[in-house]
Amino acid sequence: QVQLVESGGGLVQPGGSLTLSCAYSGPIFRFARMGWYRQAPGKQRELVAEITPGGSTNYADSVKGRFTISRDNAKNMVYLQMNSLKPEDTAVYYCKSNIGTNWGQGTQVTVSS
């Protein structure tokens with residue numbers, strides 16, 4: 001059973017930065033493909049970034065060049081560094097593993113002046 005706990009969200013001004021963290025509990029993290037998703041009010045949940053067990057990354061076009069996903073296999077952690085934040089990045093952010101079906105509780109990111 002995979003459990004995920006996101007943290008690090010908050011209120012930030014446009015152009016600012018935040019780093020989100022995701023703590024993973026469950027089977028063999030180093031074999032897990034991990035992703036960060038977000039859901040804005042009234043919109044569907046969308047994939048923002050993902051990282052393979054080998055460290056290859058993929059990003060949504062809307063965040064390329066601004067967001068960076070990384071992982072620490074020794075700590076069972078995944079991170080999302082978000083720079084140059086825009087109001088349209090406002091959403092609840094979730095991390096997800098390809099192992100199991102559980103979602104975490106999410107962490108709210110609000111970009112506003």
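1. Starting at the β5/β6 pairing: isoleucine 51 has threonine 57 of β6 as its bridge partner. The two strands run antiparallel and are joined by 3 bridges; strands count as paired here if DSSP finds at least two bridges between them. Strand numbering goes from the N terminus and follows DSSP runs (E, at least two residues for a strand; H or I, at least four, for a helix). Bear in mind that this is a predicted model, where local features need pLDDT of at least 70 and side-chain atom pairs count only at pLDDT 80 or more, while totals for chains, interfaces and linings use all residues. Residues are numbered from 1 along each chain as its sequence is written, and side-chain values use heavy atoms, with hydrogens and water left out.

2. Now the sheet that holds this pair. It is an open one of 6 strands, ordered β2-β10-β9-β4-β5-β6, with mixed pairing. β2 (10-12) and β6 sit at the edges with a single partner strand each, so one side of each has no neighbour in the sheet. From one strand to the next the twist averages 25°, taking axes as lines fitted to C-alpha atoms (for helices over the stretch in contact) and angles from 0 to 180 degrees between N-to-C directions.

3. Next, the β7/β8 hairpin. The two strands pair in the antiparallel sense over 6 bridges, and phenylalanine 67 has methionine 82 of β8 as its bridge partner. There are 4 residues between the strands, and asparagine 76 in the turn has a positive phi of about 55°. β7 has two faces: Phe67, Ile69 and Arg71 are on the covered one, and Thr68, Ser70 and Asp72 on the uncovered one.

4. Methionine 34 deserves a look. The residue is in strand β4 (residues 34-39) and is buried, at a relative accessible area of 1%; buried means under 20%, exposed over 50% and partly exposed in between, using a 1.4 Å probe and protein chains only. Not counting residues up to four places away in sequence, methionine 34 touches a list of residues including Leu4, Cys22, Phe29, Ile51, Ile69 and Val78, where contact means heavy atoms within 4.5 Å. Polar and charged names turn up too: among the contacts are Glu50, Arg71, Lys96 and Ser97. Methionine 34 and serine 70 are 36 residues apart in sequence, yet their C-alpha atoms are 9.4 Å apart.

5. On to the core. The largest nonpolar core has 29 residues, and Met34, Trp36, Phe67, Ile69, Leu80, Met82 and Tyr93 touch the most other members. A core here is a set of buried Ala, Val, Leu, Ile, Met, Phe, Trp, Tyr and Cys residues joined through side-chain atoms within 4.5 Å. Two or more residues come from each of β3 (18-25), β4, β5 (46-51), β7 (67-72), β8 (77-82), β9 (91-97) and β10 (107-111). β3 gives the most, with 4 residues.

6. Salt bridges: the count comes to 5, using a side-chain nitrogen of Lys or Arg within 4 Å of a carboxyl oxygen of Asp or Glu. One of them joins arginine 33 and glutamate 50, at 3.3 Å from N to O. Arginine 33 is in the loop between β3 and β4 and glutamate 50 is in strand β5, so the pair ties together parts 17 residues apart in sequence. Arginine 33 is partly exposed at 35%, whereas glutamate 50 is buried at 16%.

7. Two further pairs are worth checking. Aspartate 89 and arginine 66 meet at 2.7 Å, N to O. This pair links the loop between β8 and β9 with the loop between β6 (57-59) and β7, 23 residues apart. Both aspartate 89 and arginine 66 are buried, and they belong to a salt-bridge network with Arg38 and Glu46. Lysine 64 and aspartate 61 meet at 3.2 Å; lysine 64 is partly exposed at 48% and aspartate 61 is exposed at 64%.

8. Last, the aromatics. The whole structure has 3 aromatic pairs, meaning rings of Phe, Tyr and Trp (its six-membered ring) with centres within 6.5 Å; planes under 30 degrees apart are stacked, over 60 edge-to-face and the rest tilted. Tyrosine 37 and tryptophan 103 have ring centres 5.1 Å apart and planes at 80°, so this pair is edge-to-face. Tyrosine 37 is in strand β4 and tryptophan 103 in the loop between β9 and β10, 66 residues apart. Tyr37, Tyr94 and Trp103 form one aromatic cluster.
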